[in-house]
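Student: I would like to learn how to read a structure like this one, feature by feature. Could we start with a single residue and then work outwards?

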Amino acid sequence: MWDYTEKVREHFFNPRNAGPLEGANAVGDVGSIQCGDALRLMLKVNPEDERILEAHFQTFGCGSAIASSSALTEMVKGMTLDEALQVSNQQIADYLDGLPPEKMHCSVMGREALHAAIADYRGETWVDDHEEGAMVCKCFAVDSALIEEVVRANNLTTVEQVTHYTKAGGGCCSCHEGIEEILANVSAERCTAPMPPAAIPVTEAPAAAKPRLTNFQRMRRIEETIEAIRPMLQRDHGDIEVVEIDGKNIYVNLKGACQGCMMEQATLSGIQAQLVDALGEFVQLLPAAMLAMPGRR
Amino acid sequence: MQPIYLDNNATTACDPAVVDAMLPYFTEQFGNASSMHSFGNKVAQGLKEARVAVQRLLGAEFDSEIIFTSCGTESDSTAILSALRAQPERNQIITTAVEHPAILALCEHLEKEGTVVHRLSVDKKGRLDLDEYKSLLSPRTAIVSAMWANNETGTLFPVEEMAAMARVVGAMFHTDAVQAAGKVPIDLRSSKIDMLSLSGHKLHAPKGIGVLYLRRNTRFRPLLRGGHQERGRRAGTENSASIAGLGKAAELALEHLAFENTEVRRLRDRLETGILAQVPHAFVTGDPANRLPNTANIAFEYVEGEAILLLLNQQGIAASSGSACTSGSLEPSHVMRAMGIPYTAAHGTIRFSLSRYNSEAEIDRVVEAVPPIIARLRKLSPYWNEAAPAKDEIGAFVPAYG
């Protein structure tokens, strides 16, 4: 059983302001049935001074989701919208004398519903930047999404570094295997293939002065250029093949380690630059998957 | 108000007779079964009797086929790792998508080390497709591991038939019978099952004791080495008190097998029909026609399981849920997802699991308590409107991310 505080229990068993609100003029719907949490926050805002007169909620969720919603409605009543925007998820959790680390997302959902409701009132669209992963470090409530993001952004390679950046793994240490797994996954994704130096020397003559190539010559030239690049990709357990040439669009398949690599875009643009040089005209290198998406380009 | 315990698939209370059987081993029978003196001698005798009791419960041919372990998880790990190590020419495992984490997490780990793992899918009632199974069996299959009964829904798998099919390609067959032992008849001697896991605390023995059944002539590699206990197949001084307790529990389970399948089944059905008659938008998950007699898993749509459990607990009623929130994970139970139960229902699944100690009065109290709790939570739910789901209405709830 979760170690819920008295205040959480009290708000769960006797939720305040539950149910639909007649005449609500600010409604925020957030959450996801997939994660098992969804919240509709309904506010009645006085247009004169933008003060929240009433706040109601409807929640699909666990004990702490319902308690967080109830607490939120109590907290924001009487605030102006600008004041309400300052309410943080930590304040919601504090109001309830704390939440278990796995349940902190319930307070995050409360804050998001508030922002969504206020955006609704102001006729704005609220965009969710919510990404949540499985809880990895229970001592400091750090989830896998945050760890992955920080590892990617900072090129982290060790558990110690992750602990310095996120605190994850700095407590009981039992999540170190999980952190190591994230590090391994991210580093596997990150293709470190160095871009080959220009395989074909850039000609002195300006591109415009080049004689126009026949279709056959052009195709051959594309193939030769790609062939010259392949060994360098193969060295990093990757490969490339040309699938289709359609005017200035050249569709290719990246294979092996290059496939799904974080650096895929960089690899493609590097090869593209060489093709542009070799052909003396602008061409665009695209993944072959785009052939199946007629609407994209 | 007396509490009502309907979470017997999680763990059971020790039978008082089991406790009585254990107590001497904490006082006068403290000896080490391996010792030459009389202190050890009597303990060894006690272990032998317990082994025979478990042998009878499982219908094993020899008592030496019973290996005492520390828990069901240890038995599962021992079985799978042994099959891989003893048959280096075979590197594939066939299991199911709805196994207990003791199997699934191990397989996932082995997969990273290069073992090939096939996970059989289930249909919406949690049933396997034996043609799919047959197509995956090959001379590369080291072991098949399929549970006898599912812990969440109670759905039974045709393990005896599956074991015979595995034998045809020379693969070993293991079954996790942690939930089935003591609730359905088991006769290993007439089957082709090579290994079986059992856990004491699911059948009124204490926690910390388990069994691995290992058919005679099955190639085996121990998980723990360092002693001759259990004929060198599981080193470590025997947990004599718990083994004696398990022996008593096995004896009692065999005695009550018919009772489980008549009286306990009757109470389970009474609970289920009583609740379903009063609560709309609720259904039984799994295969109701083919399941354990003690398990009822009911999905209550548009409400969340943890909230139901908290309100049940307030009235002294203990059950469990497949919702994400109860486990702190982000998704509802893998069993519900494997069966394709929609999220609106999977988060609201409640498992009631009975034992021979539950009474009709208790069941009637639960039947009375559940409907108002569901109604109360639905009133709070944005997916519910007055007396029906909100989805058909104008302005239905469509949150910003999902």
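Student: In which loop of chain A is Cys173(A) found?

Tutor: Before we begin, keep in mind that this is a predicted model. Cys173(A) sits in the loop that runs between α7 (159-166) and α8 (176-189) of chain A.

Student: What is the phi of Cys173(A), and is Cys173(A) buried or exposed, or something in between?

Tutor: As a general idea, most residues other than glycine have a negative phi. In this case the phi of Cys173(A) is near 75°, a positive value in a residue other than glycine. As for its surroundings, Cys173(A) is partly exposed, because 13 other C-beta atoms lie within 10 Å, and the buried class asks for 20 or more.

Student: Where in chain B is His204(B) found, and what is its phi?

Tutor: His204(B) belongs to the loop between β7 (195-199) and β8 (210-214) of chain B, and its phi, near 70°, is likewise a positive value in a residue other than glycine. His204(B) counts as buried, because it has 28 C-beta neighbours inside 10 Å. Chain B also has a glycine with a positive phi: Gly316(B), just after α9(B), takes a value of about 80°.

Student: How many residues of that helix, α9 of chain B, are buried?

Tutor: Helix α9 (residues 305-314) of chain B is mostly covered, with eight of its 10 residues buried. The buried residues are Gly305(B), Glu306(B), Ala307(B), Ile308(B), Leu309(B), Leu310(B), Leu311(B) and Leu312(B).

Student: What should the length of a helix be, taking α7 of chain B as the case?

Tutor: The idea is to allow 1.5 Å a residue, so that the 16 residues of helix α7 (residues 240-255) of chain B should span 22 Å. The end C-alpha atoms of this helix are 23 Å apart, which agrees. Helix α7(B) is also mostly covered, since 14 of its 16 residues are buried and a residue is buried if 20 or more other C-beta atoms lie within 10 Å of its own.

Student: How are two packed helices described?

Tutor: Two packed helices are described by the angle between their axes and the distance between the axes. For a case, take helix α1 (residues 6-13) and helix α2 (residues 63-76) of chain A, whose axes come within 8 Å and cross at roughly 85°. That angle makes α1(A) roughly perpendicular to α2(A). On the side of α1(A) the contact is made by Val8(A), His11(A) and Phe12(A), and on the side of α2(A) by Gly63(A), Ser64(A), Ile66(A), Ala67(A), Ser70(A) and Ala71(A). The residues of this contact divide into five nonpolar, four polar and no charged.

Student: How far apart in sequence and in space are Ser82(B) and Arg221(B)?

Tutor: Separation along the chain and separation in space are two separate readings, and it helps to take them together. Ser82(B) and Arg221(B) are 139 residues apart in sequence, while their C-alpha atoms are 4.7 Å apart in space. Ser82(B) lies in helix α3 (residues 72-86) of chain B, and it is buried, with 24 other C-beta atoms within 10 Å. Once its neighbours within four places in sequence are left aside, Ser82(B) is in contact with Phe220(B) and Arg221(B).

Student: How far apart are Met219(A) and Gln58(A), in sequence and in space?

Tutor: Met219(A) and Gln58(A) are 161 residues apart in sequence and 63 Å apart in space, C-alpha to C-alpha. Met219(A) has its place in helix α9 (residues 215-235) of chain A, and it is partly exposed, with 13 other C-beta atoms within 10 Å. For the chain as a whole, among contacts between residues at least 6 apart in sequence, 56% join residues at least 24 apart.

Student: Into which domains is each chain divided?

Tutor: Chain B is divided into domain 1 (16-255) and domain 2 (257-392), and the C-alpha centres of these domains lie 30 Å apart. In chain B, 21 residues of domain 1 are in contact with 20 residues of domain 2. On the side of domain 1 that touches domain 2, the residues divide into nine nonpolar, seven polar and five charged. The assignment for chain A gives domain 1 (6-121), domain 2 (135-189) and domain 3 (207-292), and the C-alpha centres of domain 1 and domain 2 of chain A lie 31 Å apart.

Methods: Residues are numbered from 1 along each chain as its sequence is written. Chains are lettered from A and ligands numbered from 1 in the order in which they are written. This is a predicted model: local features need pLDDT of at least 70, side-chain atom pairs count only at pLDDT 80 or more; totals for chains, interfaces and linings use all residues. Helices (H or I, at least four residues) and strands (E, at least two) are DSSP runs, numbered from the N terminus. The expected span of a helix is 1.5 Å times one less than its number of residues. A residue is buried if 20 or more other C-beta atoms lie within 10 Å of its own, exposed if 12 or fewer, and partly exposed in between; C-beta atoms are placed from the backbone. Domain bounds come from an automatic or database domain assignment. Two residues are in contact if their C-beta atoms, placed from the backbone, lie within 7 Å. Ala, Val, Leu, Ile, Met, Phe, Trp, Tyr, Cys and Pro count as nonpolar, Asp, Glu, Lys and Arg as charged, and the others, Gly among them, as polar. Axes are lines fitted to C-alpha atoms, for helices over the stretch in contact, and angles run from 0 to 180 degrees between N-to-C directions. Angles under 35 degrees count as roughly parallel, over 145 as roughly antiparallel, 65 to 115 as roughly perpendicular and the rest as oblique.
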